[in-house]
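This report describes how a ligand is held and how the nonpolar interior is arranged. Please consult the sequence and structure shown here.

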Amino acid sequence: MPRLVTLAAAQLGPIQKSEGREVAVERMLRLMERAHRRGAEVVVFPELALTTFFPRWNEEDIAAADHWFETAMPSNATAPLFAAARKYGIGFHLGYAEKTPEGRRFNTAIYVHPSGEIVLKYRKIHLPGHRDFDPIRRVQHLEKRYFEVGDLGFRVVRAPLGRERANIGLMICNDRRWPEAWRVMGLQQVEVVMVGYNTPSLNMDNRGFEAHHLRVEHSHLSIRAGCYQNACFAVATAKAGTEDGHELFGHSIIVNPQGEIMAQATSWDDELITADCDLDMCALGRSTIFDFAAHRRPEAYGRITAQVGSEPPPEWTPAQPAE
Ligand code: ING
């Protein structure tokens with residue numbers, strides 16, 4: 001008997017710096033209503049879904065950025081999302097900037113049960129970009145300034161998903177580029193990874209040429225590989241479009257454990273894509289090619305946790321001197 005769940009990626013178009021949370025929440029409620037009509041049981045919203053991608057803006061005094069952060073979840077502004085979840089019987093994933101009562105700041109994501117209860121929380125571990133204003137860059141990417149490295153690890157939990165129960169894991173944006181993030185969850189038998197992202201459509205590092213089409217290609221490559229190599233589904237949802245002149249790409253996708261793209265957004269605006277996912281599809285990879293217990297050799301992987309950066313290899317020299 002298949003364990004069928006209808007998953008949805010609720011891609012958001014741009015949110016301008018001047019637009020408040022209520023604008024984003026209103027658009028998200030429309031997408032939840034559409035998801036309900038489509039029979040979707042879970043909706044995945046993007047990273048930092050309530051505001052513009054503010055790490056592109058430098059604030060000397062970090063407290064001046066506090067208005068981008070949520071100090072409560074749900075809050076008055078986000079309570080309608082929790083009410084809609086109960087009304088439609090839909091679970092949802094939400095990415096947002098979190099400021100804790102102790103004043104710590106994280107790039108955070110939660111998965112919320114249709115009852116409105118938070119099932120799982122994750123705080124972004126791989127923070128790309130830089131800490132201080134970088135004059136070389138075309139656009140700033142100050143995630144290391146505004147957020148601490150997440151302290152909750154890559155946890156997987158078995159919880160209701162639609163009418164079934166599934167092993168659910170969360171990651172955020174840049175995490176998808178790091179195979180370690182996928183594998184730590186694969187080692188917990190993750191079946192559905194929910195990942196939101198805000199990714200510039202052009203390389204802003206200004207430190208070398210990257211062909212434009214590779215921006216989307218690299219994102220899809222990372223997600224498809226993660227799913228295939230860990231026998232899981234992923235719902236990857238973009239915030240897209242032009243925010244105050246800065247373009248983010250869309251191309252949200254739902255991927256199956258064979259690494260196949262089941263559905264893809266084609267706009268750079270608010271768009272809902274859905275897929276009927278048979279969670280039992282994870283079992284094939286997990287019991288054959290990626291049967292970790294049968295095939296993995298951790299004794300050969302020491303460098304992966306022993307090292308942070310890479311180091312140059314030893315030089316080879318010929319045993320016999322050249323004539
Ligand atoms: N954004 C980008 C991402 O990882 C980036 C940053 C883009 C890094 C392209 C490397 C290459 O998709 C966030 N928010 O992590």
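## Ligand contacts

An N or O atom in the side chain of R176 lies 3.1 Å from an oxygen atom of the ligand, a polar contact (a pair of N or O atoms within 3.5 Å). For T199, the corresponding distance to a ligand oxygen atom is 2.7 Å, and for a polar side-chain atom of K124 it is 3.0 Å. On its own the ligand has 370 Å² of accessible area, of which the protein covers 82% (Shrake-Rupley method, 1.4 Å probe).

The model is predicted: local features need pLDDT of at least 70 and side-chain atom pairs 80 or more, whereas totals for chains, interfaces and linings use all residues. Residues are numbered from 1 along each chain as its sequence is written, and side-chain values use heavy atoms, without hydrogens or water.

## Nonpolar cores

The largest nonpolar core (buried Ala, Val, Leu, Ile, Met, Phe, Trp, Tyr and Cys residues joined through side-chain atoms within 4.5 Å; buried means under 20% relative accessible area, 1.4 Å probe, protein chains only) has 48 residues, and L161, I168 and M194 touch the most other members. A separate second core of 29 residues includes F45, L50, L81 and F82.

Notes. Buried < 20%, exposed > 50% of the residue type's maximum accessible area, 1.4 Å probe, protein only. Polar contact = N/O pair within 3.5 Å; in protein donor to acceptor, adjacent residues only side chain to side chain.
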